[in-house]
Amino acid sequence: MNPTPESPSTPLGASRIAESGRAFSGPDQPSMALIDACVHCGFCLPSCPTYVLWQEEMDTPRGRVYLMKAGLEGRAEMTPTFVSHFDACLGCMACVTACPSGVQYGPLIEKTRAQIERHYERPFGERMFRSMLFSVLPYPSRLRLAMAPLVIFGPILRALERSGALNVLPRRLRSLIALAPQPTLNSLTASTPEHTPALGPPRMKAGILTGCVQRLAFAGVNQATIDVLAAEGCTVEAPSAQGCCGALALHAGNIDQARELAKRNIEVFEKADVDRVVVNAAGCGSSMKEYGELFHDDPAWAARARAFSESVRDVSEVLMELGEPRATRHPIKARVVYHDACHLAHAQGVRAQPRALLAAIPGIELFSPAEAEICCGSAGIYNLVQPEPAAQLGDRKARNIAALQPDFIATGNPGCILQIAAAGRRLGHDWKIVHPIELIDRSIKGSGVI
Amino acid sequence: MIDDQLIGELRHRCGNDAVLTEPLELLTYECDGLPHLRQTPPLVVLPSSAEQVQDVVRLCHRHDVPFVARGHGSGLSGGAMPIPGGVVIGLARLNRVLDVDIPNRRVTVEPGVTNLEITRQVAPYGFYYAPDPSSQQVCSIGGNVAENSGGAHCLKYGFTVHHVLGVEVVLSNGDMMHLDSAIADAPGPDLVGLLIGSEGTLGIVTKVTVRILRRAEAVQTLLAAYDNIPSAGAAVSEIIAAGIIPAAVEIMDGVSLIAVEAAVHPNFPPAEAILIVELDGPVAEVREQFAQVEAICHRAGATTVEVAKTEEHRARIWKGRKGAFASMGRVTPNYYVQDGVVPRTKLPEVLDRIRKLEARCGLRIGNVFHAGDGNLHPLICYDEKIAGQADLAAAVGGEILQYCIEAGGSLTGEHGIGADKAEYMPKMFSDDDLDVMLTVRRAFDPKGLCNPGKVFPTPRLCGEVPGPYRAHPIEKAGLGERF
Amino acid sequence: MVTESIDGILPRETIEPASAEDVAATLASAAQRRVSVVIRGGGTKMGWGRTPASVGVLLSTKRLNALVAHEHADLTATVQAGARLDDVNRALARHGQWLPIESAFEESTIGGAIATNDSGPLRHRYGTPRDLLIGIRLALADGRLIKAGGNVVKNVAGYDIGKLISGSHGSLAAIVSATFKLLPLPGASATLMAKFQRTDALVDALAAIIGSQLEASAIEVRTGASEEKSGGAVFGRPYRLLLKFESTPGALDAHLQKARALLGDASCEVVSSQSESDFWREHTRAPWISSGMIVKLAWLPASLDTVLAHVDDLRASANDVELIGRAAIGSGLLRVDANSRIQRNIVERLRSRTDVFRHVVVLRADAQLKQQLDVWGPLGGAGALGSAVKHALDPVGILNAGRGPV
């Protein structure tokens, strides 16, 4: 590779780029073959949330791929600046949708983040915070304990945060409080039935991922998922031995932890012997569809992971796959704004199915907000570790949604629900934000508008 | 000279977060949409307002530092490639829509607003902004002004120069000039017309007023598949001879079609050549002319003719065409999109020469072109990791330009000369022609700070351009050696 | 050999070069001798510009009148500067094509059209000469012959010197030849004339037409002349809106029907095809065959009602006032028949109302008036830039003998 002609050195010497250092080393490096697909056209820029916010080339998919390439070629070292531009990436995959050359940005950013987690020492506070997140979030029993105080103190803490009384705390902690879900004692202790028979002759055997935050904060979503699937003729298995799918870990670069968590779920669902593994959280579904890629270099797991991934579906995909709906849909009269979760729309290409399902409910007026392709800022743990840009994006999304005056906001990802709820509160709205499956469930049960 | 003092003053005027000095970050600015031409800049500034642009330019002028303006870096001639020892002035933060004046059918925007955004602003009222480069979702209007961008519909609707009513421009000494003020017929030489297409060498535009058009009553699009390009070309000739000026006429060949199908899945019928014809205008007129066009396409031997009956189908056809360049990324590690023009009647012979060249040089060449106006876009595929292929691709591109000149055409239809083709200018213009253009340039920019090294060959080794090492023609011919 | 005075000033010599090289040599010689040069095409606009102090050479392009090339399959043509517009279009029509450049004057040449960027009603659809220009060949004051642009309709190589020359009125260089993109001749055309007694009715009808998806070739507004009397007509009425449609014969009727519907209950008449070209010729000539000062001016199209109100006001002080213009563009000619002092006041008034009028340029005025005001008006920053370019291309300052615009 021809080195770039060096710029004439300035009195600062600022233009001398480190050529000896190579940012990446060891296994799990971003693939040069994937990087080569980028032709530097720039079509990804307008849909990248960080370009929308900052208009800087380093924080665009194109710029990040360029930095990855520089890292592989020895033109860039893993400096704080290098790391900051990857930390700023939301991993929303809007660029994948926009890219005409088919650059697979997902695997590239995952490997890059894995490299950073392995080889870069973060400042102490940051390290502790991330460590805390990754030792609690993927483990439901620990998460339950952590969320318990929110049952009573949640509203007070949130009110304090909004009033500014907690401004002495670091931004990250305040963000955590602002975004925290509001669990109930019920939701924390509810258990999902392991086996639910189909209503009528079964047409599919479905396993469902009960999730982590979903299970504890939005237990109703899991129950609605089971009920709708059963009503549509699925036997539903919810194996209790399952755990976290590893999405948060994978998307943040904890690739080893992600692999451990993935293995457990692959085993559990293999034993359950289901036709489809059904997911009602966009981030989880997207990760699980990538298990094949995750174990690409592991001969013991590659085939099993691939087979598993091929059986994963978002609940909206499965319902469309089943064909003619069996259960009657009773009317719900409501203005519903459907928010595309990035990991459903961009990462999985699932946009039409949830809309079709909602549009099939009589009485629903369905809308999409302006700038629908731009992330709400939730992006896994992004809104916890990058609170500033996350809040700006959340505010932008909230404004676009508010313009449509919704009765409900429907979205297929718990992280988005929390992010949009928090942003909505900042605008003075107390929005009803639900998973589309909950509206379908109410429609089937004839519960009408609540 | 860029020194601490200049950097300090720039930080003071524009804010710390607007001045980039970190080598890693500067790296990402070293090229635009033409990545094989790169030059790491020593400094990048991102002003947020026209006044800040003035400040930056004034400071550069005072310190004798050259500069280059950059929109969103999607250009295809290296026009935004940094200048050695010069500042990159990124205009992406000047992205406000300033005025949407529907009664007077004009919109005023800052230069960082994308081409497509202008149409989005006026679409609810039934209007649109006509020049539509394939990169319109990302290319900036400021960049369009610099390059006099066209797009697929320029056959009927013209280029940027036909749709800009006025600009505000910062000259190389920092003076700001308002030209034409958006009302017709300012007396005097058409300075706006000169500025448009001057590729950022006469000043930096900080405001653009464009005219918008009412959406045509009817649009009809068809796609015709042919077994070979000459048949598709013959259809085009007949359409023109019938006195019909379509809104757009595009042809794509087999190589590009494979890439496009893989990338954007437009579901085109299998073919060696696809012809896309679009007519727009009043319903009665379009209906009449479209029937004629359909008949002509069949007569020329189309294996399939698909008429788009829904907006979705029409969008799919255009998605296929507009994704053509970048789709090549799926079938080749690197590609070099060339841009040349020949008189439409000379298309068959030039395409034939290109086919023969492809066979001789061993690099695959896809062809996508605006068949109505003779603007070709050969897509030369190569792998830069194979020694010599980057240079070969560049040489093949140059050879194709030679064919264009010999056919009485032009070096560039819409991408501009930039850094990429400056060395070829003497093939199209005499020394006197170029000298007069440079004389005009000096009248705007006496110090020569405004994007130097672009458009005109610089007095180096026979117009050598910065970028990856390229063998001198004498070396290539084996007649000399570089030490 | 033509000998003609420019605002009463006789040129010391008149030269009629036969070739591009001759033109260049003439300019070089004039520059060396430091004598001014005024270029004459058809001599139809000699009064446009400031009165020169003296004129050294009158350079006539009469002998440079060839249609150099007509590539009809490519829809391009190259024409010498002295060729008359009418002659050019007659030749192009042989292949069913045309160059939609209009002039009010029969003898107008290609060179003059480009230099003044003059246009007529069809500008609405086709633009001005600079919009159709794709290549140009110039003779410079230093005797060099240069070209810019090319022979193809799509070309962005190098600076568009052709645009720079458009509107320069012969003050930067002499045009030797020009290449244009052509259009196929329309299949058929029809003109609709609507008369209104009130300006607000006209403005409303205009808004309806422009807001629709009708594609007219010309939309003209014309105020009545004071001589007009038809059964109790008021001074200055009626106001007219003229719509020209060019299309396939089949579609034309549909256009006319739609237009009539939008024009509401204004009195409409269709100008029949036989007299259509006469009609338009009369329309574009009208201000020039009547007496008075003629001013070119521009306005924002949506403020036409304000413009018409102003024109009405002017009638109070003048013998006769007439406005003809491109209603959707906001550009036209104002004719004022009044004494010098009143004409001058009117120009100053128009120029002071920058909220309504811009680019107020006096095209025709008597010698006395031209002494009292600058015909070009304030050029602002563009003037400074234009002067810098003029100084670069014509350092001795021979071209156009100070008539302007730069």
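This report walks through the chain contacts and some side-chain details of a predicted model.

## Who touches whom

Let's start with the chains. Of the two pairs of chains in contact, B and C share the most contacts. Chain A and chain C, on the other hand, do not touch, and their nearest C-alpha atoms sit 21 Å apart.

## Where chain B meets chain A

On this interface, 52 residues of chain B are in contact with 44 residues of chain A. Putting the two together buries about 3800 Å², with carbon and sulfur atoms giving 59% of that area. If you want residues to look at on the chain B side, try B:L24, B:L27 and B:T28: these lose the most area to chain A, and together they make up 16% of what that side buries.

There is plenty of polar detail to look at here too. Five salt bridges turn up across the interface of chain B and chain A. A:E57 and B:R70 meet through their side chains in a salt bridge, at 3.2 Å from N to O. The interface of chain B and chain A also has 15 residue pairs in polar contact, counting pairs with both residues at pLDDT 80 or more. As for secondary structure, the elements that give two or more residues to the chain B side are α1 (4-14), α2 (23-27) and α12 (324-327) of chain B. The biggest giver is α2(B), with four residues.

## Where chain C meets chain B

Now for the other interface. Here 69 residues of chain C are in contact with 79 residues of chain B. The area buried between chain C and chain B is about 6100 Å², and carbon and sulfur atoms account for 62% of it. On the chain C side, C:K154, C:V156 and C:Y159 lose the most area to chain B, together 16% of what that side buries.

Eight salt bridges run across the interface of chain C and chain B. C:R123 and B:D185 form a salt bridge, with their closest N and O atoms 2.9 Å apart. Polar contacts between chain C and chain B come to 28 residue pairs, again with both residues at pLDDT 80 or more. Helix α13 (residues 380-393) of chain C provides the largest share of the side that touches chain B, namely eight residues.

## Aromatic pairs

Over all chains, the count comes to eleven aromatic pairs. Take A:F269 and A:F308: their ring centres are 6.2 Å apart and their planes make an angle of 50 degrees, so this pair is tilted. A:F269 belongs to helix α14 (residues 255-272) of chain A and A:F308 to helix α17 (residues 302-310) of chain A, so the pair ties together parts that are 39 residues apart in sequence. Both A:F269 and A:F308 are buried.

In chain C, C:F105 and C:W288 make an edge-to-face aromatic pair, at 5.0 Å centre to centre and with 65 degrees between the planes. This pair links distant parts of the chain, 183 residues apart: C:F105 is in the loop between β6 (97-98) and α3 (110-116) of chain C, while C:W288 is in helix α9 (residues 273-289) of chain C. Are these two rings buried or exposed? C:F105 has a relative accessibility of 17%, so it counts as buried, and C:W288 is buried as well, with a relative accessible area of 16%. Back in chain A, one aromatic cluster is made up of A:F24, A:F82 and A:F86.

## Charges over rings

Chain A also offers some charges sitting over rings. A:R304 lies over the face of A:W301, 4.3 Å from the ring centre. A:K432 has its charged end over the ring of A:F408, at 5.4 Å from the centre.

## A closer look at C:Q80

One last stop is C:Q80, in strand β5 (residues 76-80) of chain C. With a relative accessible area of 16%, C:Q80 is under the 20% cut-off and therefore counts as buried.

What does the side chain of C:Q80 reach? It comes to 3.1 Å from the backbone nitrogen of C:N65. Leaving out residues up to four places away in sequence, C:Q80 touches C:R63, C:L64, C:N65, C:A66, C:V68, C:I110, C:V176 and C:S177.

How values were computed. Residues are numbered from 1 along each chain as its sequence is written. Chains are lettered from A and ligands numbered from 1 in the order in which they are written. This is a predicted model: local features need pLDDT of at least 70, side-chain atom pairs count only at pLDDT 80 or more; totals for chains, interfaces and linings use all residues. Side-chain values use heavy atoms; hydrogens and water are left out. Rings of Phe, Tyr and Trp (its six-membered ring) pair if their centres lie within 6.5 Å; planes under 30 degrees apart count as stacked, over 60 as edge-to-face and the rest as tilted. Buried means under 20% relative accessible area, exposed over 50%, partly exposed in between (1.4 Å probe, protein chains only). A charge sits over a ring if NZ of Lys or CZ of Arg is within 6 Å of the ring centre and within 35 degrees of the ring normal. Contact means heavy atoms within 4.5 Å. Buried area is the accessible area (1.4 Å probe) that two parts lose on being put together, summed over both. A salt bridge is a side-chain nitrogen of Lys or Arg within 4 Å of a carboxyl oxygen of Asp or Glu. A polar contact is a pair of N or O atoms within 3.5 Å; within protein, one must be able to donate a hydrogen and the other to accept it, and residues adjacent in sequence count only if both atoms are side-chain atoms.
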